[in-house]
Amino acid sequence: LLAITFIISITGCGNKHEKEKTLKLGFVPLKNNEKLVEDTEPIAKKLSEKLGRKVEIFTASSYIGVVEGLNSGSVDFAFIPPFSSLLATNKGTAKNILTAKGKTGVPGYKSVILAKKSSNINNIADLRGKTLGFVDESSTSGYIYPASMIKNKGIDLDKDVKILFTGGHDKSVQLLELGDVDAIGTFEGVLDKYSKDFPNIKEDLKVIATSELIPGVTVTVSNSLDNEMQKKTKETLISMQDDKEIMDLFTKLFSITGFEEVNEQSYNNVIEVAKTMNVDLEKVK
């Protein structure tokens with residue numbers, strides 16, 4: 001009887017501990033990490049209230065850091081671009097639960113290549129011999145798509161251009177403004193998003209190329225998170241679409257206006273673009 005009581009007590013403690021465990025919500029480094037954590041704190045607070053568990057924001061110095069967090073279970077769920085979600089789910093240790101809708105209401109967005117209006121760069125062909133700023137090797141709009149557009153025009157990314165990885169979309173814009181790079185790959189709408197940080201970008205910069213539609217930002221959960229909490233997280237995010245204050249923040253920070261079910265077929269194009277870039281999902285670390 002004592003042994004049974006002891007086992008029940010231990011089990012009860014385990015359940016209690018699981019319920020009290022802090023959930024880690026991951027975001028890729030779209031901007032300065034400390035600022036990102038500060039800006040997303042209201043989202044974490046609202047999710048904490050809805051989920052009944054404390055939610056803390058996690059970000060890393062690279063996109064892969066968030067992917068590895070999902071794979072290891074140190075990150076419970078994350079908002080990540082589609083290529084990063086492919087890397088996460090390819091390991092079989094995470095799955096996509098929702099796709100984010102953009103400002104147009106469509107679950108997707110586009111990548112653009114920007115240059116200075118004052119430059120003689122007017123199309124992709126003009127990039128030959130130039131220095132290009134990309135966000136991160138695992139960034140969908142900040143590298144995979146714009147780099148594939150450039151490669152498809154016959155420009156050798158290893159020989160014909162110089163590449164600099166900036167670590168963030170805001171950093172890419174900053175370096176282009178300063179003249180440290182000649183063009184950048186980033187997401188459509190970046191000129192609106194960072195117009196307060198860089199007041200002259202709309203007058204200074206121009207779009208020289210635009211990609212096809214990319215699947216939206218994906219909500220990906222680690223398989224280490226129990227099924228009940230996975231389901232609750234999905235339901236909570238869907239219900240938060242009715243919370244104007246939080247959705248305004250999602251829109252301001254990430255151009256997210258809502259969520260919908262994942263269409264896995266839409267990721268096939270991301271895989272094809274990755275193949276164009278000779279990316280092996282099994283070997284990306």
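These legends accompany close-up views of one predicted model.

**View 1. Helix 6 sits largely enclosed by the rest of the structure.** Here we look at residues 140–152, which make up helix 6. Of these 13 residues, 11 are buried, so the helix is largely enclosed by its surroundings. If you would like to find the buried ones in the view, they are Thr140, Ser141, Gly142, Tyr143, Ile144, Tyr145, Pro146, Ala147, Ser148, Met149 and Ile150. Beyond the end of helix 6 comes Gly154, a residue with a positive phi, near 90°.

**View 2. Ser139 meets the start of helix 6.** Ser139 belongs to the loop that runs between strand 7 (131–134) and helix 6. One of the side-chain oxygens of Ser139 comes to within 2.9 Å of the backbone nitrogen of Gly142. With a relative accessibility of 1%, Ser139 falls under the 20% limit and so counts as buried. Leaving aside residues up to four places away in sequence, the contacts of Ser139 are with Tyr63, Ile144 and His169. Ile144 and Gly142 are themselves among the buried residues of helix 6.

**View 3. Asp76 and Lys21 form a salt bridge between two loops.** The closest N and O atoms of this pair are 3.3 Å apart. Asp76 is in the loop between helix 4 (63–72) and strand 3 (77–80), while Lys21 is in the loop between helix 1 (2–20) and strand 1 (23–27), so their salt bridge ties together parts that are 55 residues apart in sequence. How accessible is each partner, Asp76 and Lys21? Asp76 is buried, at 2% relative accessibility, whereas Lys21 is partly exposed, with a relative accessible area of 31%.

**View 4. Asp243 and Lys46 form a salt bridge within a network.** In this pair, 3.3 Å separates the closest N and O atoms. Asp243 lies in the loop between helix 10 (227–239) and helix 11 (244–254), and Lys46 in helix 3 (residues 41–51), so the pair ties together parts that are 197 residues apart in sequence. Lys46 is partly exposed, at 21% relative accessibility. Which residues make up the network of salt bridges here? Lys46, Glu49 and Asp243 are linked in it.

**View 5. Lys234 and Glu261 form a salt bridge between a helix and a loop.** Their closest N and O atoms are 2.9 Å apart. Lys234 is part of helix 10 and Glu261 sits in the loop between strand 13 (258–260) and helix 12 (268–276), so the two tie together parts that are 27 residues apart in sequence. Lys234 is partly exposed, with 23% relative accessibility. Glu261 is partly exposed as well, its relative accessible area being 49%. Looking over the whole structure, a search finds nine salt bridges.

**View 6. The largest pocket has a volume of about 590 Å³.** Which of its 32 lining residues are the closest to the centre? They are Tyr109, Phe187, Glu188, Phe254 and Ser255. Several elements each supply at least two residues of the lining: strand 3, strand 4 (94–101), strand 5 (108–109), helix 6, helix 8 (190–193) and helix 11. Helix 6, the subject of the opening view, thus returns here as a contributor to the lining. By residue type, the lining comprises 16 nonpolar, 10 polar and six charged residues.

Note on methods. Residues numbered from 1 in each chain as written. Predicted model: local features only at pLDDT ≥ 70, side-chain atom pairs only at ≥ 80, totals over all residues. Heavy atoms only, no water. Buried < 20%, exposed > 50% of the residue type's maximum accessible area, 1.4 Å probe, protein only. Helix = DSSP H or I, 4+ residues; strand = E, 2+ residues; numbered from the N terminus. Polar contact = N/O pair within 3.5 Å; in protein donor to acceptor, adjacent residues only side chain to side chain. Salt bridge = Lys/Arg side-chain N within 4 Å of Asp/Glu carboxyl O. 1 Å grid on protein atoms, 1.4 Å probe; cavity = no way out; pocket = protein on both sides within 12 Å on 5 of 7 lines; lining within 4 Å. Points joined across faces, edges and corners; volume = space filled by probe spheres on them. Nonpolar A, V, L, I, M, F, W, Y, C, P; charged D, E, K, R; others polar. Contact = heavy atoms within 4.5 Å.
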